[in-house]
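Reader: Hello! I am new to this structure and would love a close look at one part of it, the aromatic side chains and what surrounds them. Please take me through it slowly, and then go on to the rest.

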Amino acid sequence: MDLTQLIDLYRGPLTGLIASWGVPWHDAAEIAQDSFAEAYLSRDSCRGLWSEPEVFGPWLSGVARNRYRNWARSHKRRRNHVVTVESTSLESVAAPADPQPDPQLEKLRSAIEQLPLKQRQVVLMHYLEETSVKEVAILLSLTEKTVEGRLYQARRTLRRLLEGKVSISQIGRMLLCL
């Protein structure tokens, strides 16, 4: 496979994986993009044939993990830098009101944030980025059965968090609407 095919294969799952680490979606997409660039530029240091998905996927997730750590350190420093703005300035640039979000989807998003990390990772990668179980398994260096099991457990946990008001199959359909 060439780089373009690998990017097409892993862009979504990698962004979902990074977002599962607590990174806002737009930052996760940027970290993923930077990870691809770094992985390609340092492809000679990859153990094995980097053009093989089974080799490139786990290696790429390691590169992304390092990029995430750098981002987190930088983000922490920026967050500690406080800027004071006058209230009159804020009123002049007030954002328009957002349309009212679906309350059921908001509850689901909140419940996803409460999932254990391993379950949240596979949910974000599989449902939000519409990645196949096989691709998620390759990127996380897991078996497909392990990914399927984590998805099943995540749906059961979400049902419990949503107080059993929806079935597991309804949760699956709701996840596809996010």
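Author: Let's begin at Trp-71, which is buried, with a relative accessible area of 15%. That value earns the word "buried" because the limit is under 20%. Please keep in mind as we go that this is a predicted model.

Now look for a partner of this tryptophan. There are 4 aromatic pairs by the rule used here. One of them joins Tyr-68 and Trp-71: the ring centres are 6.2 Å apart and the planes meet at 25°, so this pair is stacked. The reasoning takes two steps, because the centres must lie within 6.5 Å to pair and the planes must be under 30 degrees apart to count as stacked. In sequence, Tyr-68 and Trp-71 are 3 residues apart in helix H3, which covers residues 53–80, so about one helical turn separates them.

Stay with the rings for another moment. Tyr-10, Phe-56 and Trp-59 are joined by ring pairs into a cluster. Phe-56 is a good place to pause. Leaving out residues up to four places away in sequence, Phe-56 touches Leu-6, Tyr-10, Phe-36, Ala-39 and Trp-50. So Tyr-10 turns up again, as a member of the ring cluster and in the list of residues touched by Phe-56.

A ring can also have a charged neighbour. Arg-43 lies over the face of Tyr-40, 4.0 Å from the ring centre.

From the rings we can step to the nonpolar core. In soluble globular proteins, nonpolar side chains tend to be buried together. Here the largest nonpolar core has 47 residues, and Tyr-10, Leu-14, Ile-18 and Phe-56 are those with the most contacts inside it. Many helices feed this core: at least two residues come from each of helix H1 (3–20), helix H2 (25–41), H3, helix H5 (103–114), helix H6 (117–128), helix H7 (133–140), helix H8 (144–161) and helix H9 (168–177). H1 gives the largest share, 8 residues.

One of those helices, H7, deserves a visit. It has 8 residues and 6 of them are buried, so H7 is largely enclosed by the rest of the structure. The buried residues of H7 are Val-133, Val-136, Ala-137, Ile-138, Leu-139 and Leu-140. After H7 comes Ser-141, in the loop between H7 and H8. Its phi is near 55°, a positive value in a residue other than glycine.

Another loop to look at runs between H8 and H9, and Val-166 has its place there. Although it sits in a loop, Val-166 counts as buried at 8% relative accessibility. Apart from neighbours within four places in sequence, Val-166 is in contact with Gln-104, Arg-159, Ile-171 and Met-174.

Finally, let's turn to the charged side chains, where the count comes to 4 salt bridges. One of them brings together Glu-38 and Arg-67, with 3.3 Å from N to O. Glu-38 belongs to helix H2 and Arg-67 to helix H3, so this pair ties together parts that are 29 residues apart in sequence. Glu-38 is partly exposed, at 33% relative accessibility, and Arg-67 is partly exposed too, at 27%. The pair has company as well, for Asp-34, Glu-38 and Arg-67 are linked in a network of salt bridges.

Other bridges stay within one helix. Glu-106 forms a salt bridge with Arg-109, and their closest N and O atoms are 3.0 Å apart. These residues of helix H5 are 3 residues apart, so about one helical turn lies between them. Glu-106 is partly exposed at 34% relative accessibility, and Arg-109 is partly exposed at 37%.

In helix H8, Glu-148 and Lys-145 are likewise 3 residues apart, about one turn of the helix. Their side chains meet in a salt bridge of 3.6 Å, N to O. Here the two ends have unlike labels: Glu-148 counts as partly exposed at 35% relative accessibility, whereas Lys-145 counts as exposed at 65%. The label for Lys-145 follows because exposed means over 50%.

Technical notes:
Residues numbered from 1 in each chain as written. Predicted model: local features only at pLDDT ≥ 70, side-chain atom pairs only at ≥ 80, totals over all residues. Heavy atoms only, no water. Phe/Tyr/Trp six-rings, centres within 6.5 Å; stacked < 30°, edge-to-face > 60°. Helix = DSSP H or I, 4+ residues; strand = E, 2+ residues; numbered from the N terminus. Buried < 20%, exposed > 50% of the residue type's maximum accessible area, 1.4 Å probe, protein only. Lys NZ or Arg CZ within 6 Å of the ring centre and 35° of its normal. Core = buried A, V, L, I, M, F, W, Y, C linked by side-chain atoms within 4.5 Å. Contact = heavy atoms within 4.5 Å.
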